[in-house]
Amino acid sequence: MKELIQRAAQDLVSSKYAIALTGAGMSTESGIPDFRGPSGIWTKDPEAEKRAYLSYEKFKEDPKEYWEERLSRPSSMLGDLGKMEPNPGHHALTKLQKMNILRWIITQNIDNLHRKAGSKNVLEYHGNAFRLRCVSCNSRYDPEEYDLKKLKEERKLPPYCKECKGAVKSDVVYFGEPIPSDVAHQSLEEAWRCDLMLICGTSAVVYPFANLPIIARQKRVEKEGKTDTGLFFVEKIPGVIIIEVNAEPTPLTGEGISDYLIQGKTGEILPKIVEEVEKTRSTG
Ligand code: APR
């Protein structure tokens, strides 16, 4: 483990444009259950996953009913997210961003914990539970920008977009719902542009997010070489290093998409990697 942590620190220090991809495993040490881990939400209640597949259809069929139901039920199935705090794993990624090593974080998590940890440049691939979004023009709103209680009392739901009058829903991306085009496009750009991808706490089974490491793996760069007879040649070599930090191997590990897996808890491993990066940088 120590060698892999030192290797990851070295790879990060040598990288020119590192990005992180994160999943629910980042937040379990903050008290938020993941989905497919041993005590995940879907693991414990497969019916809940099937119901989750209906949410987007329900919204499209009857946005008013969707809102009536949403305003009458308690907080999210993930618990009271507002009370959750970032853990050392989130803070470690924020530190790597402050060192200008990590450029972007593309997260599947809707819990806002990367932002709460002070991270900038966060792409919320599956949205943010604390925001609303217009499905027509992608305008995002703070729920406080609408008097939802009054709209419900006056039977004037759903809230409409202040820009284009489209229907507004939770910013959370439901199964079957397209990834908001602005986030989708930039995530593809970042996956192609990076020369290091640090994948933390995801089972990497949900698409299209799980495509991003596969796209990065396609990247090749030219490298000049010299034969022992002194002839110069150019060869194409992989243009990215993909590192996984996860409690268990994933398809990315098994299919050789990632170069190596550091197996364990993100909240323990990421701070150790940052410590090694700081040591490497201080010794020049
Ligand atoms: N440290 C490292 N890995 C962890 C930790 C931890 N503390 N806790 C859990 N894990 C691992 C689990 O073993 C699992 O491999 O993180 C992974 C979490 O996988 P999932 O529960 O499938 O979560 P995620 O990959 O984010 O799911 C993707 O599925 O249901 C949808 O929209 C939902 O965004 C979610 C998407």
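How far does a polar side-chain atom of H126 lie from an oxygen atom of the ligand? In this predicted model, the distance is 2.9 Å. Let's look around the ligand, then visit two sets of strands and one helix.

**Around the ligand**

Taken alone, the ligand exposes 730 Å², and the protein buries 93% of that area. The shell is made up of 23 residues, among which F35, R36, T202, S203 and E248 come nearest. Sorted by class, this shell holds six nonpolar, 12 polar and five charged residues. Two domains contribute to the shell: domain 1 (1-32 + 85-128 + 179-284) and domain 2 (34-77 + 131-170) each supply at least three residues.

Here are some of the atom pairs that link protein and ligand:

| Residue | Atom on the protein side | Distance to an oxygen atom of the ligand |
|---|---|---|
| F35 | backbone N or O | 2.7 Å |
| W42 | side-chain N or O | 2.9 Å |
| H126 | polar side-chain atom | 2.9 Å |

For F35 the backbone provides the atom, whereas for W42 the side chain does.

**Strands side by side**

A general point helps here: strands of a sheet pair through backbone hydrogen bonds, either parallel or antiparallel. One open sheet in this model has three strands in the order β5-β4-β6, with antiparallel pairing. Which strands stand at the edges? They are β5 (140-141) and β6 (168-170); each has a single partner strand, so one side of each is left without a neighbour in the sheet. Strand β4, residues 132-134, is joined to β5 by two bridges. Across this antiparallel pair, R133 stands opposite R140 in β5.

Now find β8 (residues 220-226) and β9 (residues 232-238), an antiparallel pair joined by seven bridges. Here G225 stands opposite F233 in β9. The two strands form a hairpin with five residues between them, and in this hairpin G230 takes a positive phi near 90°.

**A lysine on a helix**

Finally, look for K50 in helix α3, which covers residues 46-52. Is K50 buried or exposed? Its relative accessibility is 52%, and a residue counts as exposed when that value is over 50%, so K50 counts as exposed. The side chain of K50 also makes a polar contact of 2.9 Å with the side chain of E47. To get a feel for distances along the chain and in space, compare K50 with I110: they are 60 residues apart in sequence, and their C-alpha atoms are 19 Å apart.

Notes: Residues numbered from 1 in each chain as written. Predicted model: local features only at pLDDT ≥ 70, side-chain atom pairs only at ≥ 80, totals over all residues. Heavy atoms only, no water. Near = heavy atom within 4 Å. Polar contact = N/O pair within 3.5 Å; in protein donor to acceptor, adjacent residues only side chain to side chain. Areas by Shrake-Rupley, 256 points an atom, 1.4 Å probe, with all protein chains shown as cover. Nonpolar A, V, L, I, M, F, W, Y, C, P; charged D, E, K, R; others polar. Domains from an automatic or database assignment. Pairing = 2+ DSSP bridges. Helix = DSSP H or I, 4+ residues; strand = E, 2+ residues; numbered from the N terminus. Buried < 20%, exposed > 50% of the residue type's maximum accessible area, 1.4 Å probe, protein only.
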